[in-house]
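Biologist: Can you put the model up? I'd like to go through the packing and the charged pairs with you.

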Amino acid sequence: MKQPYIDIMRSLRKDKKRTQQQMAEYLGTSQTMYARYERGANELPIHHLVRLAEYYDVSTDYILGLNQTL
């Protein structure tokens with residue numbers, strides 16, 4: 001069973017001990033919008049997906065749950 005990208009995003013953030021506010025600032029968005037991404041209320045824009053992959057040093061496929069290896 002594939003893990004939804006929202007769970008992967010949350011897990012990566014918590015593993016790095018980052019807050020939603022810190023990640024929102026990194027992405028240039030609000031904490032409210034970032035929280036909406038993690039809840040699945042809004043889809044994550046591709047440019048944010050790419051930035052998160054760079055930040056966490058993982059592939060975009062990993063974040064999307066298409067490849068579960070780092």
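Modeller: One term before we start: helices here are DSSP runs of H or I, at least four residues long, numbered from the N terminus. Also, this is a predicted model.

Biologist: Fine. What phi does Asp 57 take, just after α4?

Modeller: A positive one, about 60°.

Biologist: And α4 itself, which of its residues are buried?

Modeller: His 48, Leu 49, Leu 52, Ala 53 and Tyr 56. Looking down the axis of α4, they fall within an arc of 140°, so they line one face of the helix.

Biologist: What do those buried residues pack against?

Modeller: Helices α1, α2, α3 and α5.

Biologist: Which exposed residues sit on the face turned away?

Modeller: Ile 46, His 47 and Glu 54.

Biologist: Now the largest nonpolar core. Which members touch the most others?

Modeller: Met 9, Leu 12, Tyr 34, Leu 52, Tyr 56 and Ile 63, out of 16 residues. Each of α1 (5-15), α2 (20-27), α3 (31-39), α4 (46-56) and α5 (60-64) supplies at least two residues. The largest share comes from α4, with four residues.

Biologist: What does Ile 63 touch, leaving out residues up to four places away?

Modeller: Tyr 5, Ile 8, Met 9, Leu 12, Leu 49, Leu 52, Ala 53 and Val 58.

Biologist: Switching to charges. How many salt bridges are there in the whole structure?

Modeller: Three. Arg 10 pairs with Asp 7, with the closest N and O atoms 3.4 Å apart. Those two are three residues apart in α1, so about one helical turn separates them.

Biologist: Are Arg 10 and Asp 7 buried or partly exposed?

Modeller: Partly exposed. Arg 10 has a relative accessible area of 26%, and Asp 7 has 28%.

Biologist: Which Glu does Arg 10 also meet in a salt bridge?

Modeller: Glu 38, at 3.7 Å, N to O. Arg 10 is in α1 and Glu 38 in α3, so this pair ties together parts 28 residues apart in sequence.

Biologist: And the third bridge, what are its partners and distance?

Modeller: Glu 38 and Arg 13, at 2.6 Å, N to O. Here the parts tied together, in α3 and α1, are 25 residues apart in sequence. Both residues are buried. Shared partners join Asp 7, Arg 10, Arg 13 and Glu 38 into one network.

Biologist: Why does Arg 13 count as buried?

Modeller: Because its relative accessibility is 9%, and the cut-off for buried is under 20%. Glu 38 is buried too, at 2%.

Biologist: What surrounds Arg 13, beyond its neighbours within four places in sequence?

Modeller: Its contacts are Arg 18, Thr 19, Gln 20, Met 23, Tyr 34, Glu 38 and Tyr 56.

Biologist: Last topic, rings. How many aromatic pairs are there?

Modeller: Three. Tyr 34 and Tyr 37 have ring centres 6.4 Å apart and planes at 75°, so that pair is edge-to-face. Both are buried. Tyr 55 and Tyr 56 are at 5.1 Å and 85°, so they are edge-to-face as well.

Biologist: Of Tyr 55 and Tyr 56, which is buried and which is partly exposed?

Modeller: Tyr 56 is buried, at 7% relative accessibility. Tyr 55 is partly exposed, at 27%.

Biologist: What cluster do ring pairs make with Tyr 55 and Tyr 56?

Modeller: They link Tyr 26, Tyr 55 and Tyr 56. The charged end of Arg 51 sits over the ring of Tyr 26, 4.1 Å from its centre.

Terms used:
Residues numbered from 1 in each chain as written. Predicted model: local features only at pLDDT ≥ 70, side-chain atom pairs only at ≥ 80, totals over all residues. Heavy atoms only, no water. Core = buried A, V, L, I, M, F, W, Y, C linked by side-chain atoms within 4.5 Å. Buried < 20%, exposed > 50% of the residue type's maximum accessible area, 1.4 Å probe, protein only. Contact = heavy atoms within 4.5 Å. Arc of directions from axis to C-beta. Phe/Tyr/Trp six-rings, centres within 6.5 Å; stacked < 30°, edge-to-face > 60°. Lys NZ or Arg CZ within 6 Å of the ring centre and 35° of its normal. Salt bridge = Lys/Arg side-chain N within 4 Å of Asp/Glu carboxyl O.
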